[in-house]
Amino acid sequence: MKVPYVNLKEQASLLKKEILAKIEKIFKDGDFILGKEVKSLEENFEKYCGVKYAVGVNSGTDALFLALKSLNIGQGDEVITVPNSFLATATSIIASGSKPVFVDVKEDMNIDPNRVESKITKKTKAIMPVHLTGKPADMFPLQQIAKKYKLHIIEDAAQSIGTEYHGKKTGSFGIVNCFSLHPLKTLNAFGDGGMMTTNDRSIYETLIQFRNIGLKNRSESDLWGYNSRLDTLQAAIVNVKFKHLNDWIKKRRENASYYQQHLSEVVQCPKEGEKEVCSYHLFVIQTEERNALQNYLEQNGIETKIHYPIPIHLQKCAKELGYKKGDFPNVEKQSETILSLPIHQNLKKTQLDFIIEKIRKFFKN
Ligand SMILES: Cc1ncc(COP(=O)(O)O)c(C=O)c1O
């Protein structure tokens, strides 16, 4: 049996009819950039996340970058975040002209609020927690710290559509929050896309201008902007998928629970905390035998991934930040023990059973 990590072709073909009908309509309307479908996707996000405003842009990275710009964060400023995220978290901070300041994570792979205060300086302007894997970062202590030091919170919710913390969806805790619609995300486009959410009217208005060259109407601008417009086609595709999102998350959670039930004896499985709903964008196990297990699974036709094998502070591009090996022991240790198993909503029970059987067999030997 072959078990690919994801199966985007299958996912796309299941919704082919609905998506093609939307595309046909867009052809007829000639409505290709921003437009009605983008507005309706923004409304979907507003409703889903329980926020007042959402603004579609052309990637999750741009969403983070524009969030920082909308808060005037740039040259000379510092933003606290984690080094175990996807590179884009730090890239967006660098692109804004500010400096990422890293904090180690807890066992759950999310920012450790107890380590944040010691990193705050006069230059700190924001905390950017990442809800890595679709598990929520511990937002209440972070909000308390942010309040005490007058810092902004920008959630990197790229991996956490549908995740809940104390009854509220991620993407509703920070001043501006950012999602990715990359094809590998749970809610995905057929290309790049991103979304920002906020409850602040004036930030919303700034973001609307930033994404469209700074224009506030057809011909006037009061700020220099960027081109980060979301395509109508991508928005239309995501709108079709939005209707299935809750079912997909439910399925992912069932898959996760099945893994937990059958694998916790042999590997460390992710746990859901009290007052949390994890959306399982990724299902990351941890084991000292990671490399051998990954090879064994590959030989048996099971594709797995590592998110991420090289922490950001150890990337060559991060050299100028002055970090070294040993600075973030939990992140570094996890980068050697983590393994992402297939978790997507279209996995079949036979595939799940096959993965479980092979992992158990590996540890028996
Ligand atoms: C945690 C995290 N932040 C940011 C991004 C950037 O999103 P995008 O690829 O849409 O630019 C991603 C995903 O790619 C991500 O996983």
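Two strands pair if DSSP finds at least two bridges between them. Keep that rule at hand for the exercises on this predicted model.

**Exercise 1. Find which strands strand 6 and strand 10 belong with, and how they run.**

Solution.
- Count the bridges. Strand 6 and strand 10 are joined by 2 bridges. At least two are needed for a pair. The two strands run antiparallel.
- Pick out a residue pair. Glu-164 has Val-277 of strand 10 as its bridge partner.
- Place the pair in its sheet. The sheet is open, has 3 strands and follows the order 7-6-10, with antiparallel pairing.
- Look at the edges. Strand 7 (168-169) and strand 10 (276-277) each have a single partner strand, so one side of each has no neighbour in the sheet.

**Exercise 2. Describe the overall build of the protein: its elements, its extent and its burial.**

Solution.
- Start with the elements. The protein has 12 helices and 12 strands.
- Take the extent next. Along the principal axes, the C-alpha atoms fill a box of roughly 70 × 55 × 35 Å.
- Test it against a globule. A compact globule of 365 residues would have a radius of gyration near 21 Å, and the protein has 21 Å, so the two agree.
- Turn to burial. Of the 365 residues, 45% count as buried.
- Check the contacts. Among contacts with a separation of 6 or more, 70% are between residues 24 or more positions apart.

**Exercise 3. Split the protein into domains and describe the side of domain 1 that touches domain 2.**

Solution.
- Read off the bounds. The domain assignment gives domain 1 as 8-103 + 110-242 and domain 2 as 245-364.
- Set the distance. The domain centres, taken over C-alpha atoms, are 24 Å apart.
- Count the residues in the contact. Domain 1 gives 27 residues and domain 2 gives 25 residues.
- Name the elements on the domain 1 side. Helix 1 (8-14), strand 3 (99-102), strand 6 (164-165) and helix 8 (232-242) each give two or more residues. Strand 6 is also part of the sheet with the order 7-6-10.
- Sort that side by class. The domain 1 side has 11 nonpolar, 11 polar and 5 charged residues.

**Exercise 4. Describe the shell around the ligand.**

Solution.
- Begin with the residues that come nearest. Of the 15 residues around the ligand, these are Ser-59, Gly-60, Thr-61, Ala-158 and Ser-180.
- Go on to the helices. Helix 4 (60-70) and helix 5 (88-95) each supply at least two residues of the shell.
- Finish with the classes. The shell has 4 nonpolar, 9 polar and 2 charged residues.

**Exercise 5. Decide how enclosed strand 1 is, then follow it to strand 9 and helix 7.**

Solution.
- Check burial in strand 1 (residues 53-57). A residue is buried if 20 or more other C-beta atoms lie within 10 Å of its own. In strand 1, 4 of the 5 residues are buried, so the strand is largely enclosed by the rest of the structure.
- Find a partner. Strand 1 pairs with strand 9 (residues 194-198) over 5 bridges, in the antiparallel sense. Ala-54 stands opposite Thr-197 in strand 9.
- Move to helix 7 (residues 201-210). The buried residues of helix 7 are Ile-203, Tyr-204, Thr-206, Leu-207, Gln-209 and Phe-210.
- Identify the cover. Strand 1, helix 4, strand 8 (176-180) and strand 9 are among the elements over these buried residues.

**Exercise 6. Locate the backbone features at Leu-34, Asn-72 and Tyr-308.**

Solution.
- Recall the background. Most residues other than glycine have a negative phi, and most peptide bonds are trans.
- Take Leu-34. Phi of Leu-34 is positive, near 50°. Leu-34 sits in the loop between helix 2 (16-29) and helix 3 (35-49). It is partly exposed, with 18 other C-beta atoms within 10 Å.
- Take Asn-72. Phi of Asn-72 is also positive, near 65°. Asn-72 lies in the loop between helix 4 and strand 2 (78-81). With 11 C-beta neighbours inside 10 Å, Asn-72 counts as exposed.
- Take Tyr-308. The peptide bond between His-307 and Tyr-308 is cis, with omega about 10°. Tyr-308 lies in the loop between helix 10 (290-299) and helix 11 (329-337).

Methods
Residues are numbered from 1 along each chain as its sequence is written. This is a predicted model: local features need pLDDT of at least 70, side-chain atom pairs count only at pLDDT 80 or more; totals for chains, interfaces and linings use all residues. A residue is near a molecule or strand if its C-beta atom, placed from the backbone, lies within 6 Å of it. Helices (H or I, at least four residues) and strands (E, at least two) are DSSP runs, numbered from the N terminus. Ala, Val, Leu, Ile, Met, Phe, Trp, Tyr, Cys and Pro count as nonpolar, Asp, Glu, Lys and Arg as charged, and the others, Gly among them, as polar. The radius of gyration is taken over C-alpha atoms; the globule rule is 2.2 Å times the number of residues to the power 0.38. A residue is buried if 20 or more other C-beta atoms lie within 10 Å of its own, exposed if 12 or fewer, and partly exposed in between; C-beta atoms are placed from the backbone. Two residues are in contact if their C-beta atoms, placed from the backbone, lie within 7 Å. Domain bounds come from an automatic or database domain assignment.
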